Amino acid sequence: MKELTCSHCGHTGSDVNYHYTYIGGQGDIRVIECDDLTACWKRWDAQHNIRKPELVGAK
């Protein structure tokens, strides 16, 4: 079976699958995403130089 690539963070692997996500005005749309959305968001944050919320405003 072909490995899929997450449309959100770009991760490729066996832990990436089709999921249904609600998109306002369109309803539930089938998208390719990581099974572990927490890890997915961490990868996305790192790719976009987003700091962790607890560090924002820290001196």
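This is a guided tour of one protein chain, going from the whole fold to single residues and ending at a charged patch.

Before selecting anything, keep in mind that this is a predicted model, in which local features need pLDDT of at least 70 and side-chain atom pairs count only at pLDDT 80 or more, while totals for chains, interfaces and linings use all residues. Residues are numbered from 1 along each chain as its sequence is written, and side-chain values use heavy atoms, with hydrogens and water left out.

**The whole chain**

Show the chain as a cartoon, and one helix and four strands appear, arranged along the sequence in the pattern β-β-β-β-α; helices (H or I, at least four residues) and strands (E, at least two) are DSSP runs, numbered from the N terminus. With a surface switched on, the accessible area comes to about 4800 Å², of which carbon and sulfur atoms hold 53%, as computed by the Shrake-Rupley method with a 1.4 Å probe, where for residues only the protein chains shown count as cover. Of the 59 residues, 17% count as buried, where buried means under 20% relative accessible area, exposed means over 50%, and partly exposed lies in between (1.4 Å probe, protein chains only). Among contacts in the chain with a separation of 6 or more, 27% come from residues 24 or more positions apart, a contact being heavy atoms within 4.5 Å.

**Strand β3 and its surroundings**

Select Val-16, which lies in strand β3 and counts as buried because its relative accessibility is 3%. Leaving aside neighbours within four places in sequence, Val-16 is in contact with Leu-4, Thr-5, Cys-6, His-11, Ile-32, Glu-33, Cys-34 and Asp-35. A distance drawn from the C-alpha atom of Val-16 to that of Cys-40, 24 residues apart along the chain, comes to 9.9 Å.

Next, move to Tyr-22, also in strand β3, which covers residues 16-23; Tyr-22 counts as exposed because its relative accessibility is 58%. Residues up to four places away in sequence not counted, Tyr-22 touches Gly-27 and Asp-28.

**Strand β4**

Val-31 sits in strand β4 and counts as buried, since its relative accessibility is 18%. Select Val-31 together with Ser-7, Asn-17, Tyr-18, His-19 and Thr-21, which are the residues it touches when those up to four places away in sequence are not counted. The C-alpha atoms of Val-31 and His-8, 23 residues apart along the chain, are separated by 9.3 Å.

**Two loops and a negative patch**

Now select Asp-15, in the loop between β2 (12-13) and β3, which is partly exposed because its relative accessible area is 33%. Asp-15 touches Glu-33, Cys-34 and Asp-35, not counting residues up to four places away in sequence, and its C-alpha atom is 6.0 Å from that of Cys-34, 19 residues apart along the chain.

Asp-35 itself belongs to the loop between β4 (27-34) and α1 (37-47), and it counts as partly exposed because its relative accessibility is 41%. Add Glu-3 and Asp-36 to Asp-15 and Asp-35, and the selection shows a negative surface patch. Patches are made of residues with over 30% relative accessible area and no salt bridge, like charges being joined within 9 Å, and a salt bridge is a side-chain nitrogen of Lys or Arg within 4 Å of a carboxyl oxygen of Asp or Glu.

**After the helix**

Finish at Asn-49, in the segment after α1, which counts as exposed because its relative accessibility is 70%. Its phi is near 55°, a positive value in a residue other than glycine.

Conventions: Patches are made of residues with over 30% relative accessible area and no salt bridge: like charges are joined within 9 Å, nonpolar side chains (Val, Leu, Ile, Met, Phe, Trp, Tyr) within 5 Å. Lys and Arg count as positive and Asp and Glu as negative; His and the chain ends are not counted. The place of a charge is taken as NZ of Lys, CZ of Arg, CG of Asp or CD of Glu.
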